[in-house]
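Hi,

Here is the model I said I would pass along. Have a look at it first, then read my notes underneath.

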Amino acid sequence: MTSPNNPMIMEEVEDPIANSTEVFKIAASRQYAGYDYSQQGRFVPPDMMQPQQPYTGQIFQPTQAYTPAAPQPFYGNSFEDEPPLLEELGINFDHIWQKTLTVLHPLKEVDGSIMNETDLAGPMIFCLAFGATLLLAGKIQFGYVYGISAIGCLGMFCLLNLMSMTGVSFGCVASVLGYCLLPMILLSSFAVIFSLQGMLGIILTAGIIGWCSFSASKIFISALAMERQQLLVAYPCALLYGVFALISVF
Amino acid sequence: MATAAMAYGSSIASHGKDMVNKELHRFVSVNKLKYFFAVDTAYVAKKLGLLVFPYTHQNWEVQYNRDVPLPPRQDLNAPDLYIPTMAFITYVLLAGMALGIQKRFSPEVLGLCASTALVWMVIEVLALLLGLYLATVRSELSTFHLLAYSGYKYVGMILSVLTGLLFGSDGYYVALAWTSSALMYFIVRSLRTAALSPDSMGGPSSQQRVQLYLTLGAAAFQPLIIYWLTFHLVR
């Protein structure tokens, strides 16, 4: 990792976290007379290759203790000091509601940062609601819903990782696909009252599948910055939601 | 206490993910695979049109950029794996639907259909690899290229099954004949230029003849397999 000329200088930078701790150790061992640890900004020695993900110098300040990403209050032993249950579980109803609104307005512009926090609580609620509406129609098929969503998420995850420049995490894929299941709940609750096997049912099913896959592909495109590939992403989503629609119609 | 448990759980998850990644990278080079998925909507539309009607296309050469083949986004003749994968999944779902219409559906049949198609594809790719190896053909065709070219027949299969479902048995045979001839023409034209790498100009003529026979054999195999995998859906 260090060049033969100067053992202090790193040649190749791959992992910023490991690299930062490594450089921190090296920096701590430097005997610079007037080195100012409180210097902000990027710690880049002049003849080091530019790392792919530049990191700030904040982590090298010995005065600032390393805090975890989500600061949590210190859990005292007393019962009153514990945070509320929902906050501890990370379920935030306000965020869930905002993301739901994003899905429900397919023609509105969406920004890519909306899916940065992968939260699976919303999709869980929607899957259970979908299973509940199927139950109301007399079909006890929770197992199929679970299996199909698992296989579909896995397939979408592999496909999106291959098709996009930046990778995507599995939680993000599962979260987006779960949120866009919401119109399918409308379809299956409609199937409780009317039968969907006529011409009107076919048109309604096709419309709802299009709506789900359009909003899912819109979110994926903006989150992963994939250009001119929206229809290509929408087609596998349409296949997945088509299978869900098959369950609710037949 | 809860944070310690969460940290332990997430460390186990990341350890498992690393293990999966390592095993995967031993078998499949993800970067080479990414080349086949670098597609956009215009390419897919034009390629589908080409698969159905290849007779007017003039230039079948794969374009290179300093010895590196251009990705499918920029070159219509480059093979891709997006269309074969989507076509395969669509074919399996369509087979399920066709059997459902004939009241012969059950989830096991879906798995049977999928695995039959997969096995035939594997056999075809292995046979082509064996043929290329025996004929000592120096070509740039890797396994993924062969997988792509043998996966293009699923588009023809889907079209045949759809026309069979909409227009009955006669429509099925007409669509079968059309897509088979289009696919044979497509495969012969593409593989003839792809089997010859850019530096070698073919070598001895007997080798060229063997390559030609191989290409013709691969092309002639396509209609047979299309018929075999779809006729039971359009009873």
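Below is what turned up, going from chain A to the contact between chains and then into chain B.

First, the housekeeping. This is a predicted model, so local features need pLDDT of at least 70 and side-chain atom pairs count only at pLDDT 80 or more, while totals for chains, interfaces and linings use all residues. Residues are numbered from 1 along each chain as its sequence is written, chains are lettered from A and ligands numbered from 1 in the order in which they are written, and side-chain values use heavy atoms, with hydrogens and water left out.

Chain A has nine helices and zero strands, where helices (H or I, at least four residues) and strands (E, at least two) are DSSP runs numbered from the N terminus. Of its 250 residues, 40% count as buried; buried means under 20% relative accessible area, exposed over 50%, and partly exposed in between (1.4 Å probe, protein chains only). Take the contacts in chain A between residues at least 6 apart in sequence: 64% of them join residues at least 24 apart. Contact here means heavy atoms within 4.5 Å.

What about disulfides? The search covered the whole structure and came back with zero over all chains, a disulfide being a pair of cysteine sulfur atoms within 2.5 Å. For A:C180, the closest cysteine sulfur is the one in A:C212, and at 7.0 Å that is too far for a bond. A:C180 is buried, by the way, at 0% relative accessibility.

Now the contact between chains. Helix 9 of chain A (residues 230-249) and helix 4 of chain B (residues 82-101) have axes that come within 11 Å and cross at roughly 15°. Axes are lines fitted to C-alpha atoms, for helices over the stretch in contact, and angles run from 0 to 180 degrees between N-to-C directions. That makes these two helices roughly parallel; the classes are roughly parallel under 35 degrees, roughly antiparallel over 145, roughly perpendicular from 65 to 115, and oblique for the rest. On the chain A side the residues are A:L232, A:Y235, A:P236, A:L239 and A:V243, and they meet B:Y82, B:M86, B:I89, B:T90 and B:L93. By class, that contact has nine nonpolar, one polar and no charged residues (Ala, Val, Leu, Ile, Met, Phe, Trp, Tyr, Cys and Pro count as nonpolar, Asp, Glu, Lys and Arg as charged, and the others, Gly among them, as polar).

Helix 4 of chain B also packs within its own chain. Its axis and that of helix 5 of chain B (residues 107-134) come within 9 Å and cross at roughly 140°, so the pair is oblique. B:F88, B:Y91, B:V92, B:A95, B:G96 and B:L99 in helix 4 meet B:V109, B:L110, B:C113, B:A114, B:A117 and B:L118 in helix 5. The class count there is eleven nonpolar, one polar and no charged residues. One of the helix 5 residues in that list, B:C113, is buried with a relative accessible area of 8%.

Two last bits from chain B. Helix 6 (residues 143-151) is mostly covered, with seven of its nine residues buried, including B:F144, B:H145 and B:Y149. B:V52 sits in helix 3 (residues 41-52) and is partly exposed at 29% relative accessibility. Leaving out residues up to four places away in sequence, B:V52 touches B:L159, B:W178 and B:A182.

Cheers
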